[in-house]
Amino acid sequence: MQLWWLVQAVLVQSSPQFMYGWRAFWWRAFGAKVGPGCLIRPSARVTYPWKVRLGANCWIGDRAELYSLESITVGDNACISQDCYICTGSHEPARLDFAYANAPVEIGSEVWIAAGAFVGPGVSIGDGAVVGARSLVLTPLEGGGIYAGQPARWVRQRPEAGGAGA
C-alpha cells in the first residue's frame, strides 16, 4: 500500500498530461483492471488500485478521487469528471467506535458524472445516466436519466445519442 502511495505521488501525478498510457500502466501494475483507451489525468487519485475496474474508453478527470476501500467498477465509455469523489467507505454513526461501513460502487457504461459530484458507498448508477455537477448521490440511480441536486433527483430522461442537441 505504501509503495503504491509513493509511486502515485512520484511517478503518476508528476507525469505530463499526454502520458495516459504511463498512468494506466502504473494503475495496472498495482492490480487495477484498466480497459483500452482509458484516459486517466495526472492528478486523479486512487486509494487501492487493486480494487478498481475501468471499462474501455473511460475518462478519469483532474483531481477525481476513487476512494476504493471496496470495489469500484466503471463501465465502458464512462466519464468521471474533475473533482468527483467516488467513495466506498463510511462509518456506523450509531457505534461508539465508528466501525467501518463500506460498500462497493458500480457505475454503468456511458455514464457521465459531472464536475464535483459525490457518489457514496453502495451506490449503483445505471447505464447511460448523467449526474449533474456538484450532485450528491447516496442511492442507486436508474439508467438513462439525468439527475442533479443534493441529494440527486431525477430531472428528465437523457436524449438518445444523435438526437436533439447532439
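The following legends describe close-up views of a predicted model.

**View 1. The seven-stranded open sheet.**
Seven strands form an open sheet in the order S2-S5-S8-S11-S14-S16-S17, and their pairing is mixed. Strand S2 (39–40) and strand S17 (153–157) are the edge strands, each pairing on one side only. Within this sheet, strand S8 (residues 79–80) and strand S11 (residues 112–113) run parallel and are joined by 2 bridges. Ile-80 stands opposite Ile-113 of S11.

**View 2. The hairpin of S16 and S17.**
Strand S16 (residues 145–148) runs antiparallel to S17, and 4 bridges join the two. One bridge partner pair consists of Tyr-147 and Trp-154, the latter in S17. The hairpin has 4 residues between its strands, and Gly-149 takes a positive phi near 110° there.

**View 3. The five-stranded open sheet.**
A further open sheet consists of 5 strands in the order S3-S6-S9-S12-S15, with parallel pairing. Its edge strands are S3 and strand S15 (136–137), each of which pairs on one side only. S3 is joined to strand S6 (residues 65–67) by 2 bridges, and these strands run parallel.

**View 4. Arg-45 and Glu-65, paired through both backbone and side chain.**
Arg-45 has Glu-65 of S6 as its bridge partner. The two residues also form a salt bridge, in which the closest N and O atoms are 3.2 Å apart. This salt bridge links distant parts of the chain, since Arg-45 belongs to strand S3 and Glu-65 to strand S6, 20 residues apart. The two partners are covered to unlike extents: Arg-45 is partly exposed at 36% relative accessibility, whereas Glu-65 is buried at 15%.

**View 5. Surroundings of Thr-47.**
Thr-47 is located in the loop between strand S3 (45–46) and strand S4 (52–54). Its relative accessible area is 9%, so Thr-47 counts as buried. Apart from its neighbours within four places in sequence, Thr-47 contacts Trp-4, Trp-5, Glu-65, Leu-66, Tyr-67 and Ser-68. Glu-65, one of these contacts, is also the salt-bridge partner of Arg-45.

**View 6. Salt bridges outside the S3 and S6 pair.**
A search of the whole structure finds 4 salt bridges. Side chains of opposite charge can pair when their charged atoms come close. Asp-83 and Arg-63 form one such salt bridge, with their closest N and O atoms 2.7 Å apart. Distant parts of the chain are linked by this pair: Asp-83 lies in the loop between S8 and strand S9 (85–87), and Arg-63 lies in the loop between strand S5 (59–60) and S6, 20 residues apart. Asp-83 is partly exposed, at 31% relative accessibility, and Arg-63 is partly exposed, at 47%. Another salt bridge joins Asp-97 to Arg-95, with the closest N and O atoms at 2.9 Å. Here Asp-97 is partly exposed at 49% relative accessibility, and Arg-95 is partly exposed with a relative accessible area of 45%.

**View 7. Nonpolar surface patch on helices H1 and H2.**
Leu-3, Leu-6, Val-10, Leu-11, Trp-22 and Phe-25 make a nonpolar surface patch of about 550 Å². Helix H1 (2–12) and helix H2 (20–29) are the elements that give two or more residues to the patch. H1 gives the most, with 4 residues. Val-10, a residue of helix H1, is partly exposed at 47% relative accessibility.

**View 8. Val-7, a buried residue of helix H1.**
Val-7 also has its place in helix H1. Val-7 is buried, and its relative accessible area is 9%. Beyond its neighbours within four places in sequence, Val-7 is in contact with Val-12, Trp-26 and Phe-30. The C-alpha atoms of Val-7 and Trp-26 are 7.9 Å apart in space, although 19 residues separate the pair in sequence.

**View 9. Cysteines without disulfides.**
A search of the whole structure finds 0 disulfides. Cys-38 is in no disulfide, and the nearest cysteine sulfur, that of Cys-58, is 4.3 Å away. Cys-38 is buried, with a relative accessible area of 7%. For Cys-79, the closest cysteine sulfur is that of Cys-84; the separation is 7.8 Å and therefore too far for a bond. Cys-79 likewise counts as buried, at 15% relative accessibility.

Notes: Residues are numbered from 1 along each chain as its sequence is written. This is a predicted model: local features need pLDDT of at least 70, side-chain atom pairs count only at pLDDT 80 or more; totals for chains, interfaces and linings use all residues. Side-chain values use heavy atoms; hydrogens and water are left out. Buried means under 20% relative accessible area, exposed over 50%, partly exposed in between (1.4 Å probe, protein chains only). Contact means heavy atoms within 4.5 Å. Patches are made of residues with over 30% relative accessible area and no salt bridge: like charges are joined within 9 Å, nonpolar side chains (Val, Leu, Ile, Met, Phe, Trp, Tyr) within 5 Å. Accessible areas come from the Shrake-Rupley method with a 1.4 Å probe; for residues, only the protein chains shown count as cover. A salt bridge is a side-chain nitrogen of Lys or Arg within 4 Å of a carboxyl oxygen of Asp or Glu. A disulfide is a pair of cysteine sulfur atoms within 2.5 Å. Two strands pair if DSSP finds at least two bridges between them.
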